[in-house]
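Visitor: Please show me the model, and let me ask what stands behind the labels that are used to describe it.

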Amino acid sequence: MPRYEFKEGSSSKFWEIKLEGDSFTTRWGRIGTDGQEKTQSFDSDEKAQKEYDKLVREKEKKGYELVGDGEGGDDDDEGEAIEGKSNPELEAAIQKDPDNVDAYLVYGDWLQAQGDPRGELIALQHALSKASGAEATALKKQVSAHIKKHKALLLGAMAKGWSDEEITLEWHLGFIRSARLGRKDYDSEFDVGEGVKTLLTHPSGRFLRSLAVGIVDASDGENSYEPVLESLQEAPPKGLEHLFLGDFEYPEETEISWSYVNDVSVLYKVTPNLRSLRLRGAGADLGDIDLPELREFTIETGGLPLGAVKSIASAKWPKLEKLEVWFGQDSYGAEGGVADIQPILDGKGLSNLKVLGLRNSEFTNDLVKVLPTAKVLPQLEKLDLSMGCLTDEGAKTLAENAAAFKHLKHLDLTENTLTDAGTKLVAKLAGTVAAGNQRDYDPEYHYAAVGE
């Protein structure tokens, strides 16, 4: 059972707790004595886990520190020490080549020898990857049962969030490969920022490659990712390849302009291996973007400030293959225009770019005037101008320069303000053209599809 100790001044105390299904046993007293013991039972495993987590947090706040398994522990018990086992050399081999299955299997053999249940989980999931039919079904059940049985060690303080479905995990060869964290409703007390930090510092999350974060706190009507960014700074996930801040449904969960991305420039040094970065929300401060391994960048906003536009236009991401920018509405803080994205149109530093989305813009008509001669256009396979203010006049401009777009595999013009006549003009500009779901055209008031 996990053992905690508190040593300060004349105090020299221990506290142990062992979780078993719907009950747990605690033992406490002065170090060097047998202490006292008490068993408590609950109506369900979930209630027992909730109280277990609460007591552990309380002890940690009082200064108790985890020191080990305690005496009489059983390596197969739910109450195993949450720190697990570690072998820096074998872990480094996986971190160097995270797709190397053999490296996981060698590590798994070592973990099993140490009595760490992650070792068996590696073996089970590897067998599952090779199985099919009835054998695969049986192995899936074994994997689920194994994770549930050992969730105290495999999840630690994340167990409650996982039980409450505010943490969703994808396991790969014994470790968490992908995770999503977010509050389910306004009444939730789940600390998402702390949850991210726990995930990043927990042994099960040491090979994390993908992280998505939903609602952090919208109880006062606004949502902010500042706590998450702080956690990413405090516990840098060097192996993280995919990050999505803003994984929520708008306007159902919150309006896109009521959620604040904040200063993400802190990410560039702590997540050097990012392959994709997706941001959804307002108030984005992008700073000097320098992401040498990035392949995809998406920012979805109802009002992109000029500073962010310029950051994107001058970014250093030589391997970028997909760029998607939502500019938004002037009334929600959108700034900039064609002149401010000229470096993008010139393809500056974007030699690998194949997919370009200049979406949700109020200057789409001006954009299509310069696109036919844009240096970046010939290298593109897909162009997305959806959700903007493209009118029949803009459609005519596109049609008059049809030759410039004929190489495109796909052109997206959905959710603009074209009439039936306008959609006919653009119908054959590229390999495939999407031009449905057009919005009503108002000659006095043009607005991008998403603002609030």
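Guide: Two strands are said to pair if DSSP finds at least two bridges between them, where strands (E, at least two residues) and helices (H or I, at least four) are DSSP runs numbered from the N terminus. This is a predicted model, in which local features need pLDDT of at least 70 and side-chain atom pairs count only at pLDDT 80 or more, whereas totals for chains, interfaces and linings use all residues. Residues are numbered from 1 along each chain as its sequence is written, and side-chain values use heavy atoms, with hydrogens and water left out.

Visitor: How do you know that strand β14 and strand β15 pair?

Guide: Residues 296–300 (β14) and residues 322–326 (β15) are linked by 4 bridges in the parallel sense, which meets the minimum, so the two count as paired. Among the partners, Phe297 is matched with Leu323 of β15, and Glu296 with Lys322 of β15. Strand β14 also pairs with β12 (residues 276–280), again in the parallel sense, over 5 bridges, and there Arg278 stands opposite Thr298.

Visitor: What makes β6 and β19 edge strands?

Guide: The sheet is open and holds 11 strands with mixed pairing, in the order β6-β7-β8-β10-β12-β14-β15-β16-β17-β18-β19. Both β6 (167–172) and β19 (432–434) pair on one side only, and that is what makes them edges. Neighbouring strands are turned by 5° against each other on average, direction ignored, with axes taken as lines fitted to C-alpha atoms (for helices over the stretch in contact) and angles running from 0 to 180 degrees between N-to-C directions.

Visitor: Which strands does helix α8 lie across, and at what angle does the helix run to β7?

Guide: Helix α8 (residues 192–201) lies across β7 (175–181) and β8 (210–213), and the angle to β7 is about 170°. On a scale that ends at 180 degrees for opposed directions, the helix and β7 therefore run in nearly opposite directions.

Visitor: Why is Asn360 called buried?

Guide: Buried means under 20% relative accessible area, exposed over 50%, and partly exposed in between (1.4 Å probe, protein chains only). Asn360 has a value of 0%, so the residue is buried. It belongs to the loop between β16 (355–359) and α13 (364–370), and its phi is near 50°, a positive value in a residue other than glycine. On the same criterion, 4 of the 5 residues of β14 are buried, as are 49% of the 452 residues of the protein chain.

Visitor: Why does Trp162 count as partly exposed?

Guide: Its relative accessibility is 29%, and this value falls in the middle class, so Trp162 is partly exposed. Trp162 sits in helix α7 and is in contact (heavy atoms within 4.5 Å) with Ile147, Lys151, Leu155, Ile167 and Leu169, leaving aside neighbours within four places in sequence.

Visitor: What makes a set of residues a nonpolar core, and which members of the largest one touch the most others?

Guide: Such a core consists of buried Ala, Val, Leu, Ile, Met, Phe, Trp, Tyr and Cys residues joined through side-chain atoms within 4.5 Å. The largest has 93 residues, and Leu211, Leu286, Phe297, Ile312, Trp317, Leu323 and Leu383 touch the most other members. Apart from that core lies another of 12 residues, among them Trp15, Phe24, Leu55 and Tyr64. In soluble globular proteins, nonpolar side chains tend to be buried together.

Visitor: Which residues lie nearest the centre of the largest pocket, and what makes a space a pocket?

Guide: On a 1 Å grid over the protein atoms alone, a pocket is an open set of points with protein on both sides within 12 Å along at least five of seven lines, and lining residues have an atom within 4 Å of a point. The lining of the largest pocket comprises 29 residues, of which Asp53, Arg57, Ala157, Glu194 and Thr198 lie nearest its centre. Helices α1 (45–61), α7 (159–163) and α8 each supply at least two lining residues, and α1 gives the most, with 9. The space in the pocket is about 1000 Å³, counted as what is filled by probe spheres set on the points, which are joined across faces, edges and corners.

Visitor: Where is the cis peptide bond, and how do you know that it is cis?

Guide: The bond joins Tyr250 and Pro251, with omega about 0°, and Pro251 lies in the loop between β10 (242–245) and β11 (259–263).

Key. 1 Å grid on protein atoms, 1.4 Å probe; cavity = no way out; pocket = protein on both sides within 12 Å on 5 of 7 lines; lining within 4 Å.
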